[in-house]
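Biologist: Shall we go through this one together? I would like to hear the reason behind each label, with its cut-off.

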Amino acid sequence: LRSEAVVSTQSTGYYCNVCDCVVKDSINYLDHINGKKHQRNLGMSMKVERSTLDQVRSRFDKNKRKNEEAQKNLAEDYDLEVRAMERQEEEEKQRQSKKQRRKERKKAEEEAASADIDPEMAAVMGFGGFGGGK
C-alpha cells in the first residue's frame, strides 16, 4: 500500500478513496476491501454477534412465510389452462389479420392490374384483360 504522495507521481494500480491508498493489482485490491483496515475505516465492526435459538427460529419462520407467499402468488399468476387459451386466441387473431392483409393486398394488385390496361386496346386485341377471373 502506498500513501497519497506516491499516488500523484505514480498512478498505476487501484486507488481506495476510503483508506487513501493505492494497491498494485485487482487481487490485492479485493484483499484490501475485505481487510480489517478498510472495514475499520468504513466504521464496520468485524466482530460477529452470536444469535440466540429464538432469533434463528424466528428468522426461519419469517423466510418460510415469505417463500409460501411467493409460491402462492406464483401459482395464482401461472394458470396453464388460461395461458393456453389466451395463446390460442392470440394466434387466431394473428391468422385473421394476416388473412385480411392478404385479401387487401390481392384486391389492390387486381385494381392496379385492371387500371394499367386501356379498355379500347383490350377490345381491339380481342380480350377483356389479363388473368383476373377463374
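Modeller: Happily! Let me start with burial: a residue is buried under 20% relative accessible area, exposed over 50% and partly exposed in between, using a 1.4 Å probe and protein chains only. This is a predicted model, where local features need pLDDT of at least 70 and side-chain atom pairs count only at pLDDT 80 or more, while totals for chains, interfaces and linings use all residues. Residues are numbered from 1 along each chain as its sequence is written, and side-chain values use heavy atoms, with hydrogens and water left out.

Biologist: Good. Why is Y29 called partly exposed?

Modeller: Its relative accessibility is 24%. That value falls between the two limits, so Y29 counts as partly exposed. Y14, at 38%, gets that label too.

Biologist: How many aromatic pairs are there, and what makes the pair of Y14 and Y29 stacked?

Modeller: There is 1 aromatic pair in the structure. Rings of Phe, Tyr and Trp (its six-membered ring) pair when their centres lie within 6.5 Å; planes under 30 degrees apart are stacked, over 60 edge-to-face, and the rest tilted. The ring centres of Y14 and Y29 are 5.4 Å apart and the planes meet at 25°, so the pair passes both tests and is stacked. Y14 belongs to strand β1 and Y29 to helix α2 (residues 26–34), so the pair ties together parts that are 15 residues apart in sequence.

Biologist: What counts as a helix or a strand here, and how many of each does the chain have?

Modeller: Both are DSSP runs numbered from the N terminus: helices are H or I with at least four residues, strands are E with at least two. By that rule the protein chain has 6 helices and 2 strands, in the order α-β-β-α-α-α-α-α from the N terminus.

Biologist: How do you know that C16 and C19 are not in a disulfide?

Modeller: A disulfide needs two cysteine sulfur atoms within 2.5 Å. The closest cysteine sulfur to that of C16 is in C19, 3.9 Å away, which is too far for a bond. For C19, likewise, the nearest cysteine sulfur is that of C16, and C19 is in no disulfide. The search of the whole structure finds 0 disulfides.

Biologist: Are those two cysteines buried or exposed?

Modeller: C16 has 2% relative accessibility and is buried. C19 is buried as well, at 11%. For the protein chain of 134 residues, 8% count as buried.

Biologist: On to charges. What makes R87 and E91 a salt bridge?

Modeller: The rule asks for a side-chain nitrogen of Lys or Arg within 4 Å of a carboxyl oxygen of Asp or Glu. In R87 and E91 the closest N and O atoms are 3.2 Å apart, so the pair qualifies. E91 also bridges to R95, where the closest N and O atoms are 3.9 Å apart. The side chains of E92 and R95 meet at 2.5 Å, N to O. The count by this rule is 3 salt bridges, and R87, E91, E92 and R95 are linked in a network.

Biologist: Where do these partners sit along the helix?

Modeller: R87 and E91 both lie in helix α5 (residues 80–116), 4 residues apart, about one turn of the helix. E91 and R95 are also 4 residues apart in α5, while E92 and R95 are 3 apart, again about one helical turn. E91, at 31%, is partly exposed, and R87 is too, at 48%.

Biologist: Last one: how do you know what M46 touches?

Modeller: Contact means heavy atoms within 4.5 Å. Leaving aside neighbours within four places in sequence, M46 is in contact with N34 and Q39. M46 sits in the loop between α3 (36–42) and α4 (53–77). Its relative accessible area is 49%, so M46 is partly exposed. From M46 to K36 the C-alpha distance is 7.4 Å, with their positions 10 residues apart in sequence.
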